[in-house]
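Visitor: I'd like to learn how to read sheets and cores in a model like this. Can you walk me through it?

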Amino acid sequence: GLPAGVSAVALNVTATAPTATSFLTVYPGGGSRPTASNLNFGAAQTIPNLVVVPVGAGNTVTFYNNAGTVDVIADLVGSYAPGTGAGFTGMAPTRVLDTRDGTGALSEKLGAAEALTLTVPGLPSGATAVALNVTATAPTATSFLTVYPDGGPRPTASNLNFGAAQTIPNMVLVPVGPDNTVTFYNNAGTVNVIADLVGYYN
């Protein structure tokens, strides 16, 4: 599903049901495996990370697992091609959502099967997408967050997976809906959600 000329992809990669402490490395298909890891996990842990990786021949990428066995999930969230699409502008992290103190929303946890819509402040005219560092903290149950453009259908993919009482972040790239809005959906239990704006596309 990639357009012609793509040089790299952004993937939300999730490791689930690992049998041992290990790591995943994601790299261009046909290339040499780098020494760096993209995702580290313990036995039985489910954890995601956003990975930006160049593509190899035929738009291929390779996933390497170091130890044990693990199920791997990858959700395509965007692609890069020279001289096309929206340019990225990075910025110092700015807190735009914190359900613990009422920043950007009510001061209350996000409930089970509940959605919260945030108007992302400070974006220039014409912004098409944002980069957010999203943190789940003090969850009461194993669950996941999905972040998507407000007004659109909720995708089946998750952006952030967590266990009860776990605090965990992940980088999220998400298009904005009307008036620079994005929606956060929590699947189970209750959880505090924090989001820091680190950049935007336009």
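Visitor: Which strands form the open sheet with β2 in it, and in what order?

Guide: Bear in mind that this is a predicted model. To read a sheet, list the strands by who sits beside whom. Here the order is β3-β2-β5, an open sheet with antiparallel pairing. The edges are β3 (39-41) and β5 (61-65), each paired on one side only. From one strand to the next, the twist averages 15°.

Visitor: How many bridges join β2 to β5?

Guide: Strands count as paired when there are at least two bridges between them. Between β2 (residues 22-28) and β5 there are five, and the two run antiparallel. If you want a spot to click on, Leu24 stands opposite Asn65 in β5.

Visitor: What is the strand order in the open sheet that contains β1?

Guide: That one goes β4-β1-β6, three strands with antiparallel pairing. β4 (47-54) and β6 (71-80) each have a single partner strand, so one side of each is left without a neighbour in the sheet. Its twist averages 25° from strand to strand. Eight bridges tie β1 (residues 8-16) to β4, and Ala15 has Ile47 as its bridge partner in β4.

Visitor: Now the cores. Which residues have the most contacts inside the largest nonpolar core?

Guide: Look for buried nonpolar side chains that link up. The largest core has 42 residues, and Val130, Leu132, Val134, Leu145, Val182 and Phe184 have the most contacts inside it. Skipping neighbours within four places in sequence, Val130 touches residues including Val120, Leu123, Val182 and Tyr200. A second, separate core has seven residues, among them Leu50, Ala129, Ala131 and Leu173.

Methods: Residues numbered from 1 in each chain as written. Predicted model: local features only at pLDDT ≥ 70, side-chain atom pairs only at ≥ 80, totals over all residues. Heavy atoms only, no water. Helix = DSSP H or I, 4+ residues; strand = E, 2+ residues; numbered from the N terminus. Axes fitted to C-alpha atoms, helices over the stretch in contact; angles between N-to-C directions. Core = buried A, V, L, I, M, F, W, Y, C linked by side-chain atoms within 4.5 Å. Buried < 20%, exposed > 50% of the residue type's maximum accessible area, 1.4 Å probe, protein only. Contact = heavy atoms within 4.5 Å.
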